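Biologist: Please take me through the model displayed below, with the reasoning behind each value.

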Amino acid sequence: GVLDEWLDATARNTEPALRFSSCFPFHNETLYVVPPRHIWPPPASSKVRWKGARFVPLPLVASLLAGKPLSEDAWMVDGESECLMPSTATAGSTLFRASVRSSAAVDRLGGGATPHSVACLEFTTGSGFWFVAAFADDAAREQWSERFKAAIRLLADSGFGGERSRGWGRSEMPDFTENPALLGTPGQTNPVAAERETGHWMLSLFHPAPSDAVDWRRGDYSLTTRGGRIESEAGWGQRKKNTRMVAEGSVLVSPVEPRGAAADVAPDGFAHPVYRAGFALSLPVPLKVPA
């Protein structure tokens, strides 16, 4: 019953009340993340194929930004999940894996059956997703915090992603941590980036707004394309417009934190707007690390 209020506070607002990072894997107490592109991968190693790791432990990012070298003997890359894991991990262990499940749709009148396959992610015990939510200010936190937590609890109960009617995507009740210390002291500037020229390490997909002053000649970033289909009674299954977006892990150079925008990706002539969130959620990091 608060859809219009929510859209006014986010998609229709140049300063959204609430921004989200992308989802990243975790295992027990270890949070994994897409590392900053300007420091990853490290120099080539004869023991570890660093560039094979898409996700690395968050504490490792802080060490790399501080100029501390990686020990080749301490890490290994899990090819299944593309996570950098301690070398002490049990052989064959993984945080998650991609799998394909097959099924069949049965025509109960005609007796026919149509087989189909669906890809999914399977997590090991103690693993799952984590993400960051950032409120614009105390007023936004007061207004939306409890509603946001209720929505996430509902997702955990009803399921993330597709095949929810079959029980897929359900999880245990989520844990919420206020003001987490990711690279520095909660609520303060990252000390690793202090007194040095900083960039903005993207933890979310980013669709630049006209007001963003990103210096595209500098930094280290990659682009990705997002598409998808619409879930609406006005046109179920119609294709959304594709959007080029800056990918997670990119490091952008800008005098102020990039803000981003929500693009209307509805097909031409559609009955209502369809928004794709492209608001930036980033952390400050030094553009150059100590030698």
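Modeller: A definition comes first: helices are DSSP runs of H or I with at least four residues, strands are DSSP runs of E with at least two, and both are numbered from the N terminus. The model is a predicted one.

Biologist: How many helices and strands does the secondary structure of the protein hold?

Modeller: The numbering just described covers both kinds of element. In the protein, the secondary structure comes to 3 helices and 17 strands.

Biologist: What radius of gyration does the protein have, and what would a compact globule have?

Modeller: The C-alpha trace spans about 70 × 50 × 35 Å along the principal axes. For 291 residues, a compact globule would have a radius of gyration near 19 Å, and the value for the protein agrees with this, at 21 Å.

Biologist: What percentage of the contacts in the protein with a separation of 6 or more comes from residues 24 or more positions apart?

Modeller: As context, 38% of the 291 residues count as buried. Among contacts with a separation of 6 or more, the share from residues 24 or more positions apart is 62%.

Biologist: How far apart are the mean positions of the positive and negative charges of the protein?

Modeller: The protein exposes about 17,000 Å², of which carbon and sulfur atoms supply 51%. There are 30 positive and 32 negative charges, and the distance between their mean positions is 6 Å.

Biologist: Why do the buried residues of helix 2 lie on the same side, and what arc do they cover?

Modeller: Helix 2 comprises residues 58-65, and its buried residues are Leu58, Leu60, Val61, Leu64 and Leu65. In general, an α-helix has 3.6 residues a turn, so residues three or four places apart point the same way. The buried residues of helix 2 are on the same side because the arc they cover around the axis is only 150°.

Biologist: Which strands do the buried residues of helix 2 pack against?

Modeller: Helix 2 is followed by Gly67, whose phi is positive, near 85°. The packing partners of the buried residues in helix 2 are strand 3 (30-33), strand 4 (56-57), strand 5 (75-78), strand 6 (83-86), strand 11 (198-202) and strand 17 (282-286).

Biologist: What is omega for the peptide bond that joins Trp40 and Pro41?

Modeller: Pro41 sits in the loop between strand 3 and strand 4. The bond joining Trp40 and Pro41 is cis, with omega about 0°.

Biologist: What is the relative accessible area of Glu163?

Modeller: Glu163 is in the loop between helix 3 (138-158) and strand 11. Its phi is positive, near 60°, although Glu163 is a residue other than glycine. Partly exposed means between 20% and 50%, and Glu163 falls in that class at 25%.

Biologist: What is the relative accessibility of Asn179?

Modeller: Asn179 is placed in the loop between helix 3 and strand 11. Phi of Asn179 is positive too, near 50°. Asn179 counts as partly exposed, with a relative accessibility of 47%.

Biologist: Is Val265 buried or exposed?

Modeller: Val265 is located in the loop between strand 15 (260-264) and strand 16 (275-279). Beyond four places in sequence, its contacts are Lys240, Lys241, Thr243, Val274, Tyr275 and Arg276. The threshold is under 20%; at 2% relative accessibility, Val265 is therefore buried.

Biologist: How far apart in space are Thr243 and Arg276, C-alpha to C-alpha?

Modeller: Thr243 lies in strand 13 (residues 243-246) and is buried, at 7% relative accessibility. Its contacts beyond four places in sequence include Val265 and Arg276. Thr243 and Arg276 are 33 residues apart in sequence, and their C-alpha separation is 8.5 Å.

Biologist: Which residues does Thr225 contact, leaving aside neighbours within four places in sequence?

Modeller: Thr225 belongs to strand 12 (residues 223-226). With 39% relative accessibility, Thr225 counts as partly exposed. Apart from those neighbours, Thr225 is in contact with Asn242, Thr243 and Arg244.

Biologist: Which residues does Val106 contact, leaving aside neighbours within four places in sequence?

Modeller: Val106 is part of strand 7 (residues 96-106). Exposed means over 50%, and Val106 meets this with a relative accessible area of 57%. Outside four places in sequence, Val106 touches Gly112 and Ala113.

Key. Residues are numbered from 1 along each chain as its sequence is written. This is a predicted model: local features need pLDDT of at least 70, side-chain atom pairs count only at pLDDT 80 or more; totals for chains, interfaces and linings use all residues. Side-chain values use heavy atoms; hydrogens and water are left out. The radius of gyration is taken over C-alpha atoms; the globule rule is 2.2 Å times the number of residues to the power 0.38. Buried means under 20% relative accessible area, exposed over 50%, partly exposed in between (1.4 Å probe, protein chains only). Contact means heavy atoms within 4.5 Å. Accessible areas come from the Shrake-Rupley method with a 1.4 Å probe; for residues, only the protein chains shown count as cover. Lys and Arg count as positive and Asp and Glu as negative; His and the chain ends are not counted. The place of a charge is taken as NZ of Lys, CZ of Arg, CG of Asp or CD of Glu. The arc is that of the directions from the helix axis to the C-beta atoms.
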